[in-house]
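Biologist: Could you take a close look at one part of this model for me? I'd like to hear how a single strand sits among its neighbours, plus anything odd in the backbone elsewhere.

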Amino acid sequence: SIKFIRKYINKGNYFILCTGRPYSGMIRFYNTLKINMPFITDNGASIYYPDGKSIRFDIDKDRFITFLKTIDEAILSGISTVDRRVVMQNSNDIPFWIKHFDNVEYVKEGKLSDLITENPILPNLWLYEDKIELFEKEAAKYTDLFAYRNWGLYEGKWSIEIFSPNASKGLAMQYLAKELGIDEDKTCAFGDQRNDLSMIEMAHYGVAMINAVDELKQAAKYQTKKDNNHNGVVHFIKKNKLF
């Protein structure tokens, strides 16, 4: 896949990595590919450029801190990452796959409402099982400030992902396509999870991986024949002559 992607780019195509991971969780994959391209992190809330420039679709920190304080009794744990800076609350109750510490500037622990000093991008919260109604009630008062995705109940706690109403993988893809001068009918996106829906729906070639969740497969126009462990993306590009 890596060899093909480099050839693909050398032919004048763009190959943009787009992930729900923060910068610290993406950078090693970007460096492995060795491609001089922008990349999208935080489910579309951040775009990074090879020259070091970045764009954020973030959340006002002062109002968000006020919100956190109103739901303090509901929060079991949480994490917020901006660029290479990570703050966490009760880190022992944060799933290991959410913790990304590659090339970080610092990691601080304490209460999120005390540690957040800059506008958050994609904060994640884990709530006590019996406190989801409190969260939903208070979140309804801040719909202009943020949206959220409830990933469901995991090991007795609700997993909540919070983001700006202006942030999604689809919107970030559209932003970059316009900036790079790419026509809409030339866009192609691959995904496997619910957070890929906006991107898959907005791309001309919206492709669900064969190992994708059913919700994404139903929304996608196309589907790969191979999964993510068997070069599914490259196989689809070659088979459909998208290069």
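Modeller: Here is a walk around one strand, followed by two backbone spots. Bear in mind that this is a predicted model, where local features need pLDDT of at least 70 and side-chain atom pairs count only at pLDDT 80 or more, while totals for chains, interfaces and linings use all residues. Residues are numbered from 1 along each chain as its sequence is written, and side-chain values use heavy atoms, with hydrogens and water left out.

Let's start with strand E7, residues 124–128. Helices (H or I, at least four residues) and strands (E, at least two) are DSSP runs, numbered from the N terminus. Four of E7's five residues are buried (under 20% relative accessible area, 1.4 Å probe, protein chains only), so the rest of the structure largely encloses E7.

Now its partners; two strands pair if DSSP finds at least two bridges between them. E7 pairs with strand E4 (residues 75–82) in the antiparallel sense, over four bridges, and here Leu-125 of E7 stands opposite Gly-78. E7 also runs antiparallel to strand E9 (residues 157–163), joined by five bridges. On that side, Tyr-128 faces Lys-157 in E9.

As for the backbone, Lys-34 has a phi near 55 degrees, a positive value in a residue other than glycine. Lys-34 sits in the loop between helix H2 (23–33) and strand E1 (39–41), and counts as exposed (over 50%) because its relative accessibility is 68%. Lys-241 also has a positive phi near 55 degrees. Lys-241 is in the segment after helix H9 (232–239), and at 70% relative accessibility Lys-241 counts as exposed.
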